[in-house]
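Here is a friendly note to read alongside the sequence and the 3D view. Take the points in any order you like.

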Amino acid sequence: MINQSEITLGQTKLFDTTFIIHRQIDFQRIIIHLTKNILNMTGSIEIIEPEPIQEDVSSYICMWTKNIDSRKGVISLFNTNIKLLERIVKEKLNKVLILEDDAELLFHEMELDQDCWIHFLNIRTWKNRYISTLANYYPKWETTLLLLNKLKEYIKLKKNRHRAWDLELDYMKNKFKLPFKYTNYFNHPDNISLLGNNKYNKQS
């Protein structure tokens, strides 16, 4: 099970549901952040705390790190996103935003693609690849189901190889020619990823 705290808000607006992936234990900071950024843009908000990885990951092949704690972080975030996609499908949720807890809103008005499988609302580039887990929009549960099935098919091909969630999506998109959309509506406060070596990608 995903650990979670729920905040129920008023009427649904731009997003029906927002999941905030919370990786620091500072709930008060999250509330202040939400009030400033998206409180008036969404229906309900749930704070999702990724489950720690207890298993031995030393035999796993991670594409960008040999550090065990970093590997566990990559796998934990990946698993958290998969569980959220499964929940979107199970509960038939539409207009879902999955947001990392340090995202900052750039624009209150957004043109969201309702036909793509994922609309990435923050763009970063690394070696000519589009990468970001900061803010991802899933317009329809039916297309999320297509994405989830394709992900499970793709994971079987990789065996024990692991990439970060955003890199994995980009590799999969290129392999299967998937309908993804990219627009900058959110920003990281430092404009640099806090994952990896703190400098491996910059916002486009």
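The points below go through aromatic pairs, charges over rings, salt bridges and one lysine.

1. A word on the source. This is a predicted model, so please read every distance and angle below as computed from it.

2. Aromatic pairs. The structure holds six aromatic pairs. One of them joins Phe78 and Trp165 in an edge-to-face arrangement, with 5.0 Å from centre to centre and 80 degrees between the planes. Because Phe78 belongs to helix α2 (residues 68–90) and Trp165 to helix α4 (residues 165–176), this pair ties together parts that are 87 residues apart in sequence. Are these two residues, Phe78 and Trp165, buried or exposed? Both Phe78 and Trp165 are buried.

3. A stacked pair. Phe120 and Tyr182 also form an aromatic pair, this one stacked, with centres 4.8 Å apart and 5 degrees between the planes. Distant parts of the chain are linked here: Phe120 is in strand β7 (residues 118–120) and Tyr182 is in strand β12 (residues 180–182), 62 residues apart. Phe120 has a relative accessible area of 3%, so it is buried. Tyr182 comes out at 18%, and it counts as buried because the cut-off is under 20% relative accessible area. If you are looking at this region on screen, add Phe180 to your selection: Phe120, Phe180 and Tyr182 make up one aromatic cluster.

4. Charges over a ring. Which lysines should you look for at Phe176? The charged end of Lys150 sits over the ring of Phe176, 4.5 Å from its centre. Lys175 lies over the face of Phe176 too, at 5.8 Å from the ring centre.

5. Lys150 again, now with an acidic partner. The side chains of Lys150 and Glu153 meet in a salt bridge, 3.6 Å from N to O. These two are three residues apart in helix α3 (residues 141–158), so about one helical turn separates them. Glu153 is partly exposed, with a relative accessible area of 39%.

6. Salt bridges elsewhere. How many salt bridges does the structure hold? There are seven. Among them is the one between the side chains of Glu51 and Lys83, at 3.0 Å from N to O. Glu51 lies in the loop between β3 (42–49) and β4 (61–62), while Lys83 is in helix α2, so this pair ties together parts that are 32 residues apart in sequence. Both ends are partly exposed: Glu51 has a relative accessible area of 27%, and Lys83 has one of 30%.

7. A small network. Arg87 forms a salt bridge with Glu91, and the closest N and O atoms are 2.8 Å apart. Glu91 is partly exposed, at 41% relative accessible area. Salt bridges that share partners join Glu46, Arg87 and Glu91 into one network, which makes these three worth viewing together.

8. A buried lysine. Lys173 is found in helix α4. With a relative accessibility of 13%, Lys173 counts as buried. What does the side chain of Lys173 make a polar contact with? The partner is the side chain of Tyr182, at 3.3 Å. Leaving out residues up to four places away in sequence, Lys173 touches Tyr130, Leu178, Phe180 and Tyr182. Two of these names, Phe180 and Tyr182, will be familiar from the aromatic cluster with Phe120.

Technical notes
Residues numbered from 1 in each chain as written. Predicted model: local features only at pLDDT ≥ 70, side-chain atom pairs only at ≥ 80, totals over all residues. Heavy atoms only, no water. Phe/Tyr/Trp six-rings, centres within 6.5 Å; stacked < 30°, edge-to-face > 60°. Helix = DSSP H or I, 4+ residues; strand = E, 2+ residues; numbered from the N terminus. Buried < 20%, exposed > 50% of the residue type's maximum accessible area, 1.4 Å probe, protein only. Lys NZ or Arg CZ within 6 Å of the ring centre and 35° of its normal. Salt bridge = Lys/Arg side-chain N within 4 Å of Asp/Glu carboxyl O. Polar contact = N/O pair within 3.5 Å; in protein donor to acceptor, adjacent residues only side chain to side chain. Contact = heavy atoms within 4.5 Å.
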